[in-house]
Amino acid sequence: IAPDPGADYGEVFTRRWVVDLILDLVGYTPDNDLATQVLIEPSCGTGAFLVPVVERLIASTADHGHDLRSLGSAIRAFDLLDANAERARKAVVELLTGHGLTDEEAETLTGEWITTGDFLLHPHESASANYVVGNPPYIRLENSSRRTMDAYRRICPTMRGRADIYVGFFERGLDLLKPGGALSYICADRWMRNQYGADLRELITADYAVDTVISMHDVEAFEDDVSAYPAIVVLRNERQRKAVVVDASGRFGETEAPRLSAWARRGRRNNVATASYEATRVEGWFSGRDLWPAGSPSQLALIADLEARFPPLQD
């Protein structure tokens with residue numbers, strides 16, 4: 001289905017420090033042998049995620065002794081608009097030639113990595129990725145053409161009611177995860193607490209694990225000023241364990257993000273509070289299609305504990 005040149009594609013570009021936080025949380029770090037992994041970026045725009053991803057892949061390749069030119073399958077990035085994809089290609093080519101590849105080698109590799117096309121409708125192979133990361137477009141499903149909307153609904157059953165199309169990006173992204181793989185998006189959090197997110201919540205709690213939820217409503221996470229009620233969500237294709245819940249204030253930014261990431265991945269304390277965020281680890285996660293509760297991390301930890309230890313009041 002060809003894109004409509006006059007349509008609103010819900011593009012909101014992500015700040016670099018937010019991208020780095022997401023990549024750290026999922027474990028896409030140069031100390032790992034990233035040449036043996038596959039990362040998918042479903043809506044690459046002009047390269048906000050893709051450039052840091054390639055930087056990390058280059059660093060990992062140098063540390064682990066791989067030939068960068070042989071890594072055409074390490075990244076799969078998509079964008080619906082050719083103008084965006086072309087700008088992303090140019091940025092990646094410049095990065096690769098700066099690290100020793102010829103122009104021809106860089107263009108060949110970049111051509112393998114970046115595809116102009118609709119991620120939701122692309123014929124993906126299930127369980128083919130270790131990481132799926134990005135910032136899905138912010139657009140209501142009914143703002144698409146009738147033909148496109150029908151195609152999306154056929155391929156993404158969780159996209160019910162008056163959904164935003166990022167619901168489909170979650171569903172298709174999760175299907176791509178290998179066992180142990182991780183998905184992380186920065187995205188509006190409305191699906192966690194409204195009707196159209198019910199099928200997606202049920203899918204996640206039945207078949208995947210909630211690893212991290214960072215509420216960032218007042219954080220300047222994007223290049224433009226938008227009212228998107230964003231949250232970073234990390235989901236994994238594994239059984240549910242403890243989950244990290246974070247409420248970040250408007251003070252949260254580039255300085256605090258690495259500290260939060262280090263605590264989320266390796267910290268020994270179950271709770272941490274600073275001037276810019278409150279965070280806690282909760283036992284398990286909420287099950288089924290019901291709304292995920294809102295509240296401070298400590299309140300959510302209490303609710304999760306009560307739900308785990310006691311039957312519902314109506315029983």
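User: In what order do the ten strands of the open sheet stand?
Analyst: The model is predicted. Its ten strands form an open sheet in which the pairing is mixed. Read across the sheet, the order is β3-β2-β1-β4-β5-β7-β6-β8-β10-β9.

User: Which strands stand at the edges, each with a single partner strand?
Analyst: Each edge strand has a single partner, so one side of it is left without a neighbour in the sheet. The twist averages 15° from one strand to the next. The edge strands are β3 (114-116) and β9 (271-273).

User: In β10, which residue is the bridge partner of Asp247?
Analyst: Strand β8 covers residues 243-248 and pairs with β10, residues 277-282, in the antiparallel sense over six bridges. Asp247 has its bridge partner in β10. That partner is Glu278.

User: At about what angle does helix α1 run to β7?
Analyst: Helix α1 (residues 16-26) lies across β1, β4, β5, β6 and β7. With β7 (230-236), the helix makes an angle of about 20°.

User: What angle does the direction of helix α3 make with that of β3?
Analyst: Helix α3, residues 82-97, packs on the sheet. The strands touched by α3 are β2 (75-79) and β3. With the direction of β3, that of α3 makes about 165°.

User: Which element gives the most to the largest nonpolar core?
Analyst: This core has 106 residues, of which Leu96, Trp191 and Phe252 touch the most other members. Not counting residues up to four places away in sequence, Leu96 touches Val54, Ile58, Leu68, Leu101, Ala106, Leu109, Thr110 and Trp113. The element that gives the most to the core, with eight residues, is α1.

Conventions: Residues are numbered from 1 along each chain as its sequence is written. This is a predicted model: local features need pLDDT of at least 70, side-chain atom pairs count only at pLDDT 80 or more; totals for chains, interfaces and linings use all residues. Side-chain values use heavy atoms; hydrogens and water are left out. Two strands pair if DSSP finds at least two bridges between them. Helices (H or I, at least four residues) and strands (E, at least two) are DSSP runs, numbered from the N terminus. Axes are lines fitted to C-alpha atoms, for helices over the stretch in contact, and angles run from 0 to 180 degrees between N-to-C directions. Contact means heavy atoms within 4.5 Å. A nonpolar core is a set of buried Ala, Val, Leu, Ile, Met, Phe, Trp, Tyr and Cys residues joined through side-chain atoms within 4.5 Å. Buried means under 20% relative accessible area, exposed over 50%, partly exposed in between (1.4 Å probe, protein chains only).
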